[in-house]
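Me: Got a structure open here and a few things to ask about it. Can we go through it piece by piece?

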Amino acid sequence: NTLVMFTSDNGGAGYIGIPEVNQPFRGWKITMFEGGLRVPMMIKWPSKISAGTEVDVPVAHIDVMPTLASAAAVQPEAAEIDGLNLLPLVTSQDDQIWDRETLFWQNGHYQVVRHGDWKLQINDRPTDGLQHWLFDLAEDPTEQNNLAAVRQDKVKELTMLLVDHQVNAVRTLYPPTTQLPVMIDKTLAQEFEVGDEYVYTPN
């Protein structure tokens, strides 16, 4: 009756040179396209969770600690916990009990917010200025159609969520020492060509 959780901190890396490693999703580890963010999470607790339970609601690694703490019936000693306890979601199999709509990711100037099925990425690329990618993941889960130019209303809405999120953000403990250009649709083993999309990410 031990609770076991198995997941990965990111999708497959582009530098290993395997183009299909994250298919059908775009991007790699270090990017915040779905190929870099979307990973499976498997939870086994025979006395509490029915075998074969599947949940499609997006969750995050910040939810692991409060879930384990709840299972152990202890209260984490922290001022504020960002994650949520996953146990009600996986034991009830009722998506309606989950009321979190918004998730955030950030690496320095590279910021992402997912609100419902809408996802906005903002990347301050040194050579090209500010870059936006906006996707409706319900209609376009593989992020092929950037809607940033035609849905400025959504860009503004999600940008404000990022701005509000930054108000209480904790300062970075270890500032990056470099900026890495990472191609979104090609591995490191492939040649860059003019027109290829890329992100600059701090490291």
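Me: Which strand gives the most to the lining of the second largest pocket?
Reply: Strand 7, residues 179-183, with four residues. Bear in mind that this is a predicted model.

Me: How much space lies in that second largest pocket?
Reply: About 250 Å³. The lining has 14 residues, and the closest to the centre are P181, V182, M183, K186 and L188.

Me: How do the residues of the lining divide?
Reply: Into 10 nonpolar, two polar and two charged.

Me: Now the sheet. What is the strand order?
Reply: The order is 3-4-5-6, in an open sheet with antiparallel pairing. Strand 3 (102-107) and strand 6 (129-136) each have a single partner strand, so one side of each has no neighbour in the sheet. On average, neighbouring strands are turned by 10° against each other, direction ignored.

Me: How many bridges between strand 4 and strand 5?
Reply: Five, joining residues 110-115 to residues 118-125 in the antiparallel sense. One bridge partner pair is H115 and W118, the latter in strand 5.

Me: How many aromatic pairs?
Reply: Four. One of them is F33 with W133, edge-to-face at 5.4 Å centre to centre and 75° between the planes. F33 sits in the loop between strand 1 and helix 1, whereas W133 is in strand 6, 100 residues apart.

Me: Are F33 and W133 buried or exposed?
Reply: Both are buried. They form one aromatic cluster with F135.

Me: What about F192 and Y198?
Reply: Their ring centres are 5.9 Å apart with planes at 80°, so that pair is edge-to-face. F192 is partly exposed at 44% relative accessibility, while Y198 is buried at 13%.

Note on methods
Residues numbered from 1 in each chain as written. Predicted model: local features only at pLDDT ≥ 70, side-chain atom pairs only at ≥ 80, totals over all residues. Heavy atoms only, no water. Pairing = 2+ DSSP bridges. Helix = DSSP H or I, 4+ residues; strand = E, 2+ residues; numbered from the N terminus. Axes fitted to C-alpha atoms, helices over the stretch in contact; angles between N-to-C directions. 1 Å grid on protein atoms, 1.4 Å probe; cavity = no way out; pocket = protein on both sides within 12 Å on 5 of 7 lines; lining within 4 Å. Points joined across faces, edges and corners; volume = space filled by probe spheres on them. Nonpolar A, V, L, I, M, F, W, Y, C, P; charged D, E, K, R; others polar. Phe/Tyr/Trp six-rings, centres within 6.5 Å; stacked < 30°, edge-to-face > 60°. Buried < 20%, exposed > 50% of the residue type's maximum accessible area, 1.4 Å probe, protein only.
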